[in-house]
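Visitor: I should like to go through this structure by question and answer. Please begin with the term on which the reasoning will rest.

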Amino acid sequence: MRTTPIAVPAALAALLLLTACGGADGDGGGDGKRESATCSVDTMSMEVGPASVAPAAGDTGEVPVGFTNQSAACTLDGFPEVRLAGAGGSATVEVPPTEGATAQKLTLAKGESASFTLTYERGAPGEGAFDAEELRVELSGTRSFRWTYGPVAAHGPSGHAISVSAYQQAGD
């Protein structure tokens, strides 16, 4: 007895291949769960403050930044990307992570909130302090806020006395 080969249409073959690789939805896991996308400023409501302002040169202040996800689940990973900008945005200072802080990965469902905190030392004008006018938060896009907390003290030959904490889940 002779057998004849069966022709499998290309579309069916592709579907079978995708199914064998973890599912047609491309999640790779086959468990029906999809990984969340990276969070974006476009899908977050954001608020700066209220701050614990450093009143005089040499004092330390803290500026909290809170945000709430307004869309589908998204992920925050690593440390917040934050910059201070001077007059006209020409000069900027990248804010480094707080020494000893550990980054964590957070997934925020719609309606969930997170925050981070900037800790800074107020500087005296004319002593290398950075006279910031704007706080820029970068999260798959940039959102800017007015900086009203005074100049940031110089720290070393090319740095400033400001740092950013890791992302923290907010709420209960």
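Guide: A residue is called buried if its relative accessible area is under 20%, exposed if over 50%, and partly exposed in between. The model discussed here is predicted.

Visitor: Does W147 count as buried or exposed?

Guide: The relative accessibility of W147 is 5%. The cut-off for a buried residue is under 20%. W147 therefore counts as buried.

Visitor: Which secondary structure elements are there in the protein, and how many of each?

Guide: The protein has 172 residues, of which buried residues make up 30%. Among contacts with a separation of 6 or more, 74% join residues 24 or more positions apart. The elements present are 1 helix and 14 strands.

Visitor: Which strand gives the largest share of the largest nonpolar core?

Guide: This core has 32 residues, and F67, L76, L84, L135 and W147 touch the most other members. Several strands each supply at least two residues, including β3 (60-69), β5 (81-85), β8 (113-121) and β9 (134-138). The largest share is 4 residues, and the strand that gives it is β8.

Visitor: Which residues does V93 touch, leaving aside those up to four places away in sequence?

Guide: V93 lies in strand β6 (residues 92-94). Its relative accessible area is 12%, so V93 is buried. The C-alpha atoms of V93 and A132 are separated by 8.7 Å, although the two residues are 39 apart along the chain. With residues up to four places away set aside, V93 touches V82, R83, L84, F130 and H160.

Visitor: What is the geometry of the pair formed by F116 and Y167?

Guide: A pair of aromatic rings is described by the distance of the centres and the angle of the planes. For F116 and Y167 the centres are 6.1 Å apart and the planes stand at 80 degrees. Planes over 60 degrees apart count as edge-to-face. The pair of F116 and Y167 is therefore edge-to-face.

Visitor: How many residues apart in sequence are the parts that this pair ties together?

Guide: F116 counts as buried at 1% relative accessibility, and Y167 counts as buried at 4%. F116 lies in strand β8, whereas Y167 lies in the loop between β13 and β14 (168-170), so the parts tied together are 51 residues apart.

Visitor: What is the angle between the planes of W147 and Y149?

Guide: Y149 is buried, with a relative accessible area of 10%. The rings of W147 and Y149 form an edge-to-face pair at 4.8 Å centre to centre. The angle between their planes is 85 degrees.

Visitor: Which residues make up the covered face of β9?

Guide: In a regular strand the side chains alternate between the two faces of the sheet. In β9, the uncovered face consists of E134, R136 and E138. The covered face consists of L135 and V137.

Visitor: What is the bridge partner of R136 in β10?

Guide: β9 pairs with β5 in the antiparallel sense over 5 bridges, and R83 has R136 as its bridge partner in β9. Strand β10 (residues 142-146) also runs antiparallel to β9, joined by 5 bridges. In β10, the bridge partner of R136 is S144.

Visitor: Which residue takes a positive phi in the hairpin of β9 and β10?

Guide: The hairpin has 3 residues between the strands. A positive phi near 50 degrees is taken by S140.

Key
Residues numbered from 1 in each chain as written. Predicted model: local features only at pLDDT ≥ 70, side-chain atom pairs only at ≥ 80, totals over all residues. Heavy atoms only, no water. Core = buried A, V, L, I, M, F, W, Y, C linked by side-chain atoms within 4.5 Å. Buried < 20%, exposed > 50% of the residue type's maximum accessible area, 1.4 Å probe, protein only. Phe/Tyr/Trp six-rings, centres within 6.5 Å; stacked < 30°, edge-to-face > 60°. Contact = heavy atoms within 4.5 Å. Pairing = 2+ DSSP bridges.
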